[in-house]
Amino acid sequence: MNIIELKNDHEIHRYLDALDERGQKAVAVDVEAEFNLHCYGEHLCLVQIFDLENEVIIDPLRLKNSQGIRKFFEKRDLLKVMYDSMSDAALLEKAYGIRLKSVLDLRPAVALLDYPKQGLAYVLEEELGVASLNKKKFQQYNWMRRPIAKDALEYAMGDVRHLFRLKDALFAKLGRAGLLDAYLLQNLMLQDGQNGRKNRQEKYEKAKGYSRLDKSRQEMFKEIFLVRDEFAKKLNKPPDYVFSNARLLDLCKGRIRDPDFVRQGINPRIARPVQEELFGRFTEIVQRGQGASRER
């Protein structure tokens, strides 16, 4: 089956109209995204669709401020069969102001059926005997790179083309176990919670170890985190490239007060003037935080 690329808003709208004309009210959907791994920020990189007849992709990096992409994800009378859609919904809303609507997320079904592993690759192999293609190779693939390699594109389509069959298999199990109503409720609750507190948390609040710091150290962590983010954005690099979260956490715990600890934690590949500016900003925050702690 050839993969069809929708290259502009007109083609996306025409595709949606064609689905309506066919009476096709459900599509399987997956996305690939960048989350501060290869460059700064979070980016929607690829949308993969399977409608039982066609395999379709949309390249959001070529379609800035696309009303077609917005219409696709927000179309209420088109059911999107997805797996573990929460992070995708959060990305769409935070980065693009798009509210993902009419989702059938299969992840709650897997949780209710108590699978020992709940990743999609495991469930597909367990239920359908489908092994993920080169999963390890593409786990950290740079989806910002263009053109997308043919084998990467095949990998990206690999899961979405099986979601309809997986839905049928899981629904059959849910029915036999008397869990279908519980699943439908979980799916609705999941969508109601897309704008919940977890998705509204600031990035620094989600950092590992942040919640266990006391208030003064949380404030220090926040300040340094935001300064690091500012420099990462200027460099167009992931924040961890500048200064790792683990080192930042140790710094805020006060385990190491030596300025060399700060200097050595800054990536040496960054230009010297930028390193010095960053070092000055960090040490100023640390010293101010330590002074406030002594006053208390």
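Strand 4 (residues 55-58) sends Glu-55 and Ile-57 to one side and Val-56 and Ile-58 to the other. Each of these residues is buried. The model is predicted.

**Strand 4 and its partners**

Strand 4 pairs with strand 1 (residues 3-6) through 4 bridges, and these two run parallel. Strand 3 (residues 42-50) is joined to strand 4 by 4 bridges as well, but here the pairing is antiparallel. Individual partners can be named across both pairings.

| Residue | Partner in strand 4 |
|---|---|
| Glu-5 | Ile-57 |
| Leu-6 | Ile-58 |
| Phe-50 | Glu-55 |

Ile-57 and Ile-58 thus appear in the table as well as among the buried residues of strand 4. Glu-55 is also buried, and Phe-50 stands opposite it.

What links strand 3 to strand 4 along the chain? The two form a hairpin, with 4 residues between them. Leu-52 lies in that turn and has a positive phi of about 80°.

**The sheet**

How many strands does the sheet hold, and in what order? It is an open sheet of 6 strands, ordered 1-4-3-2-5-6. The pairing is mixed. Strand 1 and strand 6 (103-105) stand at the edges. Each has a single partner strand, so one side of each lacks a neighbour in the sheet. From one strand to the next, the twist averages 30°.

Helix 7 (residues 150-160) packs on this sheet. The strands it touches are strand 1, strand 2 (26-35), strand 3 and strand 4. The direction of helix 7 makes about 60° with that of strand 3.

**A helix pair**

Helix 12 (residues 215-235) and helix 14 (residues 245-252) form a contact of their own. How do they cross? Their axes come within 9 Å and cross at roughly 145°. The crossing of helix 12 past helix 14 is right-handed.

Which residues make the contact? Helix 12 supplies Arg-217, Met-220, Phe-221, Ile-224, Phe-225 and Arg-228. Helix 14 supplies Asn-245, Leu-248, Leu-249, Leu-251 and Cys-252. By type, the residues of this contact divide into 8 nonpolar, 1 polar and 2 charged.

Conventions:
Residues numbered from 1 in each chain as written. Predicted model: local features only at pLDDT ≥ 70, side-chain atom pairs only at ≥ 80, totals over all residues. Heavy atoms only, no water. Buried < 20%, exposed > 50% of the residue type's maximum accessible area, 1.4 Å probe, protein only. Pairing = 2+ DSSP bridges. Axes fitted to C-alpha atoms, helices over the stretch in contact; angles between N-to-C directions. Contact = heavy atoms within 4.5 Å. Left-handed = near helix turned anticlockwise from the far one by under 90°. Nonpolar A, V, L, I, M, F, W, Y, C, P; charged D, E, K, R; others polar.
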